[in-house]
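Visitor: I am new to this structure. Could you show it to me and take a few questions?

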Amino acid sequence: MLKPEIEDGQTRLADPQFRADVLAGLARRPRAIPARWFYDHRGSQLFERITELPEYYPTRTETALLHAMCGELREMVGTGRAVVEFGSGSSTKTPIVLECLAPGAYVPIDISGDFLRESVRPLAQRFPELLILPFEADFTRPLTLPRTIEDMPKLGFFPGSTIGNLIPLAAIDLLRAMRASLKEGAMLLIGMDRIKGEDVLVPAYDDAAGVTAAFNLNLLERINRELDGTIPVEAFRHKAVWNDDRARIEMHLEATENAAFEVEGRAFDIAAGETIHTENSHKYGPRDARILLRAGGWTPVREWTDPDGRFAVILAEA
Ligand code: AVI
């Protein structure tokens, strides 16, 4: 039975898809739960803190790049487009693009309605003339965008290297879904993290202050909160490893002792040393990134990188 969830003084039902993904993910081998479920209210807050960590270079690097490339971007994209951001909450990056491109409308799309509304508030204050249309949806599927922006050319904005959280096949599906949602004549501005040494990559996902660990472990706390779980969270530890074969950082939750627990009345046993795979963060070399975009139906037209080649922002057209 679905359990009403009390959070922030409001009564909610757990998402049936969350329930299905958790029960199936804990039962399969290797155990794995999709990373999209990190982002409840607390998870979204923790992610914002990650973006400010000294070890987590992507946000800082991409933000500096967006500032530096604004002139060229504006020349190539023009003004008056509807900027459709896939995933809201890039609190530092969104204003840079809105300031730079003076769009006709801004449509942030996010699965977390609460976080969406929260992140839109300061933007509405900062850009009082701008038409802002927050859209609560799962953007991994093709969407029908608000009719108000039907006649405006679109610029999809997908910063943060979020594309890297999908396996390549799903990334291609997402790029195709974006193309289908944005339609002919659209452009896409996308951030992609580059392959680099483990000495930089691993600390970025296993920071000294333990914020990424808290972000990962919050998934277990969320399961306990929303799915009537009895997971002993203290029996798990955060683990981040570089998988060179697949060019990705993997995050896992490793049991440090045998753990027996229930979720929604279903019993699970996890042996010490076993892990629950919670996230992939794929990194792309320059050619890999371009091939991925082309496979997703987009033609790359311009690419910007920081001086150290850590991160790339790519402009593509449909
Ligand atoms: C949202 N996404 C691009 C982040 C990343 O870098 O893969 C999520 C993240 N996980 C741990 N740290 C950051």
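The questions below go from the ligand to the cores and then to one arginine.

Guide: This is a predicted model, so local features need pLDDT of at least 70, side-chain atom pairs count only at pLDDT 80 or more, and totals for chains, interfaces and linings use all residues. Residues are numbered from 1 along each chain as its sequence is written, and side-chain values use heavy atoms, with hydrogens and water left out.

Visitor: Which residues come nearest to the ligand?
Guide: A residue counts as near if one of its heavy atoms lies within 4 Å of the molecule. There are 14 residues around the ligand. By class, they are 7 nonpolar, 6 polar and 1 charged. Those that come nearest are Tyr56, Asn165, Tyr205, Glu279 and Ser281.

Visitor: How far is a nitrogen atom of the ligand from an N or O atom in the side chain of Glu279?
Guide: Polar contacts here are pairs of N or O atoms within 3.5 Å. Oxygen atoms of the ligand take part too: one is 2.5 Å from the side chain of Tyr205, and one is 2.6 Å from that of Ser281. For the nitrogen atom and Glu279, the distance is 2.7 Å.

Visitor: How much of the ligand's accessible area does the protein cover?
Guide: Accessible areas come from the Shrake-Rupley method with a 1.4 Å probe. On its own, the ligand has 340 Å². The protein covers 97%.

Visitor: Which element gives the most to the largest nonpolar core?
Guide: A nonpolar core is a set of buried Ala, Val, Leu, Ile, Met, Phe, Trp, Tyr and Cys residues joined through side-chain atoms within 4.5 Å. Buried means under 20% relative accessible area (1.4 Å probe, protein chains only). The largest core has 41 residues, and Leu220 and Phe236 are among those with the most contacts inside it. Helices are DSSP runs (H or I, at least four residues), and the one giving the most, with 6 residues, is α8.

Visitor: How many residues does the other core have?
Guide: This core lies apart from the largest one. Among its residues are Ala105, Val107, Phe158 and Leu292. Its count is 32 residues.

Visitor: Is Arg222 buried or exposed?
Guide: Arg222 is found in helix α8. Contact means heavy atoms within 4.5 Å, and Arg222 touches Phe18, Trp37, Tyr39, Asp40 and Leu227, not counting residues up to four places away in sequence. Its side chain reaches the backbone oxygen of Trp37 at 2.8 Å. With a relative accessible area of 8%, Arg222 is buried.

Technical notes:
A polar contact is a pair of N or O atoms within 3.5 Å; within protein, one must be able to donate a hydrogen and the other to accept it, and residues adjacent in sequence count only if both atoms are side-chain atoms. Ala, Val, Leu, Ile, Met, Phe, Trp, Tyr, Cys and Pro count as nonpolar, Asp, Glu, Lys and Arg as charged, and the others, Gly among them, as polar. Buried means under 20% relative accessible area, exposed over 50%, partly exposed in between (1.4 Å probe, protein chains only). Helices (H or I, at least four residues) and strands (E, at least two) are DSSP runs, numbered from the N terminus.
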